[in-house]
2 protein chains.
Amino acid sequence: MYTSDQLIKFCGAIFRKIGCSEAQAEIAAKTLVSADLRGVDSHGVARLSGYVRLWEIGRVNTDPNIRIVHETPSTAVVDGDSGLGLVVGPSAMKTAIAKAANVGTGWVAVKNSNHFGIAGFHAMMALEKDMIGVAMTNASPLVAPTFSIERMLGTNPIAIAIPAGNQPPFVLDMATTTAANGKLEILMRKGAEAPLGWIQDAEGTQITDAEGVKKGGALLPLGGDREHSSNKGYGLSAMVDILTGVLSGANYGPWVPPFVSYAEPSTDPVGDGIGHFFGAMRVDAFRPANEFKKHMDQWIERFRSAKPIKGIERVLIPGDPERENEAIRKESGIPIVEQVVDDLQALSTRFSVPL
Amino acid sequence: MYTSDQLIKFCGAIFRKIGCSEAQAEIAAKTLVSADLRGVDSHGVARLSGYVRLWEIGRVNTDPNIRIVHETPSTAVVDGDSGLGLVVGPSAMKTAIAKAANVGTGWVAVKNSNHFGIAGFHAMMALEKDMIGVAMTNASPLVAPTFSIERMLGTNPIAIAIPAGNQPPFVLDMATTTAANGKLEILMRKGAEAPLGWIQDAEGTQITDAEGVKKGGALLPLGGDREHSSNKGYGLSAMVDILTGVLSGANYGPWVPPFVSYAEPSTDPVGDGIGHFFGAMRVDAFRPANEFKKHMDQWIERFRSAKPIKGIERVLIPGDPERENEAIRKESGIPIVEQVVDDLQALSTRFSVPL
């Protein structure tokens, strides 16, 4: 068990060792560890060594000049200068929030970035300003469009955070695939099978082999198959790809550079790095914030008290599981699987940073 | 077979007979028949008599004072004054487009409206201005959240229309359920069964009875069950409900008034009518429009040429099926099922309007 403070301190020290400024290292570490706190273990410290490897081969710039390259009162395009998405993301989200403060909403497309951790963290930055936050990113191609055997899209998440009054906020943070990568990793560690509807093999047949993607198959868009409207999951993933990649000037579709350092990015890129898209909407740009929050409380209370199916305790509100994880892990610490502890210890030794 | 001009003329005449101005009747008719043209038969002239019945019982105001009640440079809330959504929608979308022309993006939440036809029609209004269009609406509760047996949400669609250059635009228009209502109606007419994952019965068990919703069951959110991430479909539907209902001051969740005139709206409403949410983003608020369109063409060409699963002709781009329907139906006319023809003929007789 580790406390989040321990992990943030450790990650921050590693990020400084690879060249981040004190301020950027702290932001990167907080963004990264927010995933472990919220129970999204696949996107937290488990990825730290991956970021370090990307820096080693020159694909991550730890001293980036993050800058606005185009803007209007409610929009901007940010060039992340190959920085860590963990740093570029919060910077761009701040721009979105500042624009919303001025003209009601702010929308920022980002190019030339890298993996940004969990989408929900960025969206939630808007909450303390009484704003609705939106965050999306494209990602390495692992997902086949409906009817295809080619891996054309990433798990391309959509996050939206909506403030409430007495109730905790509504926080939807979802991959646009049936199964998130993290769930597959858990199955692979256990040697367990995946349900049908998560993965297809290289010929496009649905399979239960959790290693199927590694063997040339693909993740399936939310819906699973055409009969269950996988075209909708594909459409949402495509929307994310276009808003994050095409609108910003980043790579898109099969050209999105892989997160893993051993896979080469395209030699014929169509843009710069990976892309994100952020939004902030001031609640009081629509109706008085206290009125909105009162109704959000009522929305949440009504849905939480919806009659459950027999044998099920209660209906959940998006964000409930992650918030409950966070409460437990703040109290009792964050469990880290052995493989990841080994990984962190190797970094500790290499950079002479105590874990 | 009917031509779209015939149907628009007929619907326009009926809308005038129930009190719409010439201009509003024309907009309403065009919006409605766009669904028939695009092959979304459930949302087109099949609903005309439904709108008339809502007018008869005083739930639709055919001479509405549609007005902005709150605004910032990039946002507005529009009060639809109980007007036809077919008229309120295009009016609010125009406001979003005007705001985007000024400050880059425009976002309009609408309260006190009614059913607005197909979401895609409204989103597509942005295309000719080189803008990305967004449209959502909440709707009568027919959908159970994951783990619940209560009908709490509508089929709450999300539409996004994105312009391209030489390629036709990308148009995603999707209900946030596994199955749209229209597909169920087709099965019910045929007496056929639905696949598992579309519907649950009153106890929350997945069933194949296409009449299951009528018998006290519910539609399932996109994903179908928890193992296939129905929590994501539920989350998206909830997001739509909040942006359209809570943000605007309309009803939300189980309080959304039913479309059918024989079902009573809640006697204890939490807002006014049903809600919509519209967005417009100027492409050149992010990057030069010609550059964006060149990359959209490349995006579309690459995805359309993605390797298909053996036996499947090709991979589709969101909007392809509807556009192909439109081309065929513009050429050969719109087929209308007998039941709907009878319905239209009854209106024809009643209002002395030739069909």
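## Two chains and a two-fold axis: questions about a predicted model

Chain B can be superposed on chain A with an RMSD of 0.0 Å by a turn of 180° and a shift of 0.0 Å along the axis, the fit being made by least squares on the C-alpha atoms of residues with pLDDT of at least 70 in both copies. This is a predicted model, in which local features need pLDDT of at least 70 and side-chain atom pairs count only at pLDDT 80 or more, while totals for chains, interfaces and linings use all residues. Residues are numbered from 1 along each chain as its sequence is written, and chains are lettered from A and ligands numbered from 1 in the order in which they are written.

Biologist: What makes the relation between the two copies a two-fold rotation axis?

Modeller: The turn that lays chain B on chain A is 180° and the shift along the axis is 0.0 Å, and the two copies are thus related as by a two-fold rotation axis. Of the residues of chain B, G223(B) comes closest to that axis, with its C-alpha at 2.4 Å.

Biologist: How do you know that the copies meet through the same surface?

Modeller: Residues are in contact if their C-beta atoms, placed from the backbone, lie within 7 Å. Since 100% of the interface residues of chain B are also interface residues in chain A, the copies meet through the same surface. The contact takes 67 residues from chain B and 67 residues from chain A. On the side of chain B that touches chain A, α8(B) gives the most, with seven residues; helices here are DSSP runs of H or I with at least four residues, strands are runs of E with at least two, and both are numbered from the N terminus. By class, this side of chain B has 39 nonpolar, 20 polar and eight charged residues, where Ala, Val, Leu, Ile, Met, Phe, Trp, Tyr, Cys and Pro count as nonpolar, Asp, Glu, Lys and Arg as charged, and the others, Gly among them, as polar.

Biologist: What confidence does the predictor give to chain A and to the complex?

Modeller: Chain A averages a pLDDT of 97, and 100% of the residues score at least 70, pLDDT being the predictor's confidence in each residue, from 0 to 100. For the complex, the predictor gives an ipTM of 0.98 and a pTM of 0.98.

Biologist: Why is α2(B) described as largely enclosed by the rest of the structure?

Modeller: A residue is buried if 20 or more other C-beta atoms lie within 10 Å of its own, exposed if 12 or fewer, and partly exposed in between, with C-beta atoms placed from the backbone. Because 12 of the 16 residues of α2(B) are buried, this helix is largely enclosed by the rest of the structure. The buried residues of α2(B) pack against α1 (4-17), α3 (48-56), α4 (85-103), α5 (119-124) and α9 (320-332) of chain B.

Biologist: How do you know that the span of α2(B) agrees with its number of residues?

Modeller: The expected span is 1.5 Å times one less than the number of residues. For the 16 residues of α2 (residues 22-37) of chain B this should be 22 Å, and the end C-alpha atoms are 22 Å apart, which agrees. Likewise, the 14 residues of α10(B) should span 20 Å, and the end C-alpha atoms of that helix are 20 Å apart, which agrees.

Biologist: Which residues touch the most other members of the largest nonpolar core?

Modeller: Of its 236 residues, C11(A) and C11(B) touch the most other members, a nonpolar core being a set of buried Ala, Val, Leu, Ile, Met, Phe, Trp, Tyr and Cys residues joined through C-beta atoms within 7 Å. Not counting residues up to four places away in sequence, C11(B) touches A29(B), L32(B), V33(B), V45(B) and L48(B).

Biologist: Why does S82(A) count as buried, and why is S352(B) called exposed?

Modeller: S82(A) has 20 C-beta neighbours inside 10 Å and therefore counts as buried, whereas S352(B) has 8 other C-beta atoms within 10 Å and is therefore exposed. S82(A) lies in the loop between β2 (75-79) and α4 (85-103) of chain A, and S352(B) lies in the segment after α10 (338-351) of chain B. Although not a glycine, S82(A) has a positive phi of about 60°; S352(B), also not a glycine, has a positive phi of about 50°.

Biologist: What makes G133(A) buried and S305(B) exposed?

Modeller: G133(A), in strand β4 (residues 131-137) of chain A, has 30 other C-beta atoms within 10 Å and is therefore buried. S305(B), in the loop between α8 and α9 of chain B, has 12 C-beta neighbours inside 10 Å and therefore counts as exposed.

Definitions and conventions:
Contact = placed C-beta atoms within 7 Å.
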